[in-house]
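Reader: I should like to understand how the descriptive terms applied to this model are justified. Please set each term against its criterion.

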Amino acid sequence: MANIEKLSFDSPHERALIIYPRLPLINGIFDLGAGVLIAAHKPHEHIKEHLHDHLHHMHIRYGFEFPSQSLLGIDNAALLVMMMIKVEHRVDCNPVFVALGNGNEGVCLKIGAADVHWVHSEDAGKKATKLYEATGRKLPKGYYFSGFYTSDAEERSVRRYSKEELKRAIGFGLRADQHFQATWREPKDEPIEPYPVTICLADDETSYHIFFELRPTIPLGAF
Amino acid sequence: MAKVICVHGELVGQRLIAKTGQVIAEVVHVTSEQRPEGPAENAFLLVEIGEVGRNGRYISWINYFDLDYASAKERNSWRLVEPAREYTQSLFWMPFGWPGANRVPTIGDSVLAKEERKVA
């Protein structure tokens with residue numbers, strides 16, 4: 001409850017690590033255009049940076065922007081991302097991409113001289129659930145929020161960034177893409193039907209957070 | 001139909017009988033592409049050790065975090081092998097498991113257990 005109670009004391013104009021959702025800038029693998037946010041794939045050949053290519057999986061993609069900001073009142077912060085997925089699924093993160101490099105490999109965002117990675121956190125998932133329900137909505141039956149904190153390169157412990165590290169990364173504004181892959185918690189030979197995914201972006205230092213929903217893109221002419 | 005294959009990779013963990021410490025399964029990270037006969041590069045497998053041999057299947061894990069998580073959920077039932085050790089074994093390969101396969105702890109279990117208690 002502590003985080004929700006904090007909402008009433010922090011002014012988002014005074015103390016917030018502001019982040020906005022955006023469409024991705026970079027095309028995804030295969031036929032995923034930059035505007036395709038949710039897409040399911042059967043198992044396919046191995047692609048570097050791909051976590052679940054050997055299993056049925058669903059890609060979850062979006063872009064985000066940190067506008068230029070003062071970081072007033074923020075000494076250190078970890079970034080959080082939480083996504084509402086089906087209980088039969090788990091989701092895993094790629095690093096944050098800022099551009100395409102050689103061989104179409106992603107160029108990773110660095111903060112504090114290291115690639116940004118993510119570690120699972122059930123606490124982050126619980127935080128998103130509370131924030132979501134504080135809006136008056138109910139978590140739909142059969143779904144849960146899977147949450148992540150920024151992490152060390154091993155993706156085993158939380159990494160918090162100093163104000164200076166954040167300032168150097170954000171500068172006059174930072175635009176990047178994020179890519180996740182969901183798969184069956186217990187692998188099975190069954191396709192995953194694409195479904196809308198609600199995302200929550202936040203940090204562990206301020207009460208700022210934002211929800212948005214990604215929807216599967218149906219190409220015109222598909223039916 | 002299960003095929004007998006030889007799997008190459010690295011041993012990153014073991015599943016134990018908590019009371020006796022007996023190793024009953026191995027967690028293997030596959031380091032080279034072995035499809036179509038075997039597992040994919042970068043996959044994590046659970047290889048159960050039976051009386052008549054080993055059975056291997058995919059699990060959804062991706063790194064040591066999952067072993068940390070399993071160790072916290074099932075105390076004394078998991079051992080991390082860190083650094084990883086080279087692994088080569090013949091086994092029955094059933095990528096999507098077999099009836100009665102033991103599931104492994106997976107991130108989100110606590111949240112889901114809470115939901116199940118609510119329903120009950």
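Author: Helices are DSSP runs of H or I with at least four residues, strands are runs of E with at least two, and both are numbered from the N terminus. The model discussed here is predicted. By that criterion chain B holds two helices and five strands, and its elements run β-β-β-β-α-β-α from the N terminus on.

Reader: How do you know whether the radius of gyration of chain B agrees with that of a compact globule?

Author: The rule multiplies 2.2 Å by the number of residues to the power 0.38. With 120 residues it gives a value near 14 Å; chain B has 15 Å, and therefore the two agree. Along its principal axes, the C-alpha trace of chain B spans about 45 × 30 × 30 Å.

Reader: What share of chain B is buried, and what makes a residue count as buried?

Author: A residue is buried if 20 or more other C-beta atoms lie within 10 Å of its own. Of the 120 residues in chain B, 35% are buried. As for contacts in chain B with a separation of 6 or more, 57% of them join residues 24 or more positions apart.

Reader: In chain A, why do β11 and β16 stand at the edges of their sheet?

Author: The open sheet has five strands in the order β11-β12-β5-β15-β16 of chain A, with antiparallel pairing. β11 and β16 (209-214) of chain A each have a single partner strand, so one side of each is left without a neighbour in the sheet. From one strand to the next the twist averages 30°.

Reader: What makes β15 and β16 of chain A a pair?

Author: Two strands pair if DSSP finds at least two bridges between them. Strand β15 (residues 197-203) of chain A and β16(A) have six bridges in the antiparallel sense, so the pairing criterion is met. One such partnership links A:Cys200 with A:Phe211 in β16(A). Helix α2(A) packs on this sheet, where it touches β5 (79-86), β12, β15 and β16 of chain A. The direction of α2(A) makes about 125° with that of β12(A).

Reader: Which residues form the contact between chains A and B, and how many come from each chain?

Author: Chain A supplies 25 residues and chain B supplies 21 residues. Elements of chain A that give two or more residues include α2 (122-133), β12 (143-151) and β14 (173-184). The most come from α2(A), with three residues. By class, the chain A side has seven nonpolar, six polar and twelve charged residues.

Methods:
Residues numbered from 1 in each chain as written. Chains lettered and ligands numbered in written order. Predicted model: local features only at pLDDT ≥ 70, side-chain atom pairs only at ≥ 80, totals over all residues. Contact = placed C-beta atoms within 7 Å. Nonpolar A, V, L, I, M, F, W, Y, C, P; charged D, E, K, R; others polar. Buried ≥ 20, exposed ≤ 12 C-beta atoms within 10 Å, placed from the backbone. Axes fitted to C-alpha atoms, helices over the stretch in contact; angles between N-to-C directions.
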